[in-house]
Amino acid sequence: MQDAAAVLDVIGKRGARGLPVERLYRQLFNPQLFLMAYGKLYSNKGAMTPGVTGETVDGMSLAKIGAVIGALRAERYRWQPVKRVYIPKKNGKKRPLGLPTWSDKLVAEVVRLLLEAYYEPRFSGRSHGFRPGRGCHTALSEVVETWKGTHWFIEGDISDCLDVSSHCSPC
């Protein structure tokens, strides 16, 4: 199998040029990509939190990666249900949190690596959400550096309003 960094580099170059990527699913059979994904996930605090199967990062091995790849190759890999827990918030309410199994986290990270390699070069430089090396702080830095005439920003949370508003009424 090819080196994971080389595979992601080729996919990124094709994405930057707007060329299609064919048979991307076959890259899910590359153990190097799973090792790269493991390297990104194993140190997270949630890696030792079991999902519905009780599986955690400490049960990971090359044999386990081989089993996951074998299931993907045979098209019999099935995502497991996500364990739902509720985390208390400061206001007394509870926030739902989903805990996937370790194998699902690993496969999802490999898919994220592949898709990010292809689409990241195509995104706007003004986009900061859910991108590597970007986030709230880079967006705020851009506001400070670029938007010189701006004096006020109004922040609001409309998430609770969406539940009660009528979706059928005309605008």
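## Aromatic contacts in a predicted model

Tryptophan 102 has a relative accessibility of 1% and therefore counts as buried, a value taken, like those that follow, from a predicted model. A pair of aromatic rings is described by how far apart the centres lie and by the angle of the planes. Under the pairing rule used for this structure, the count comes to five aromatic pairs, and two of these are set out below.

| Aromatic pair | Centre to centre | Angle between planes | Class |
|---|---|---|---|
| Tyrosine 25 and phenylalanine 29 | 5.5 Å | 90 degrees | edge-to-face |
| Tyrosine 38 and tryptophan 102 | 6.3 Å | 90 degrees | edge-to-face |

The pair of tyrosine 38 and tryptophan 102 links distant parts of the chain, since tyrosine 38 belongs to helix H2 (residues 31-41) whereas tryptophan 102 belongs to helix H4 (residues 102-119), with their positions 64 residues apart. Tyrosine 38 has a relative accessible area of 27% and is partly exposed, while its partner tryptophan 102, at 1%, counts as buried because the limit for that class is under 20%. Both residues also belong to one aromatic cluster, which is formed by Tyr38, Tyr42 and Trp102.

In the pair of tyrosine 25 and phenylalanine 29, tyrosine 25 counts as partly exposed at 38% relative accessibility, whereas phenylalanine 29 counts as buried at 11%. Which charged end sits over the ring of phenylalanine 29? That of arginine 73 does, at 4.5 Å from the ring centre, and phenylalanine 29 thus takes part in this contact as well as in the edge-to-face pair with tyrosine 25.

Key. Residues are numbered from 1 along each chain as its sequence is written. This is a predicted model: local features need pLDDT of at least 70, side-chain atom pairs count only at pLDDT 80 or more; totals for chains, interfaces and linings use all residues. Side-chain values use heavy atoms; hydrogens and water are left out. Rings of Phe, Tyr and Trp (its six-membered ring) pair if their centres lie within 6.5 Å; planes under 30 degrees apart count as stacked, over 60 as edge-to-face and the rest as tilted. Buried means under 20% relative accessible area, exposed over 50%, partly exposed in between (1.4 Å probe, protein chains only). Helices (H or I, at least four residues) and strands (E, at least two) are DSSP runs, numbered from the N terminus. A charge sits over a ring if NZ of Lys or CZ of Arg is within 6 Å of the ring centre and within 35 degrees of the ring normal.
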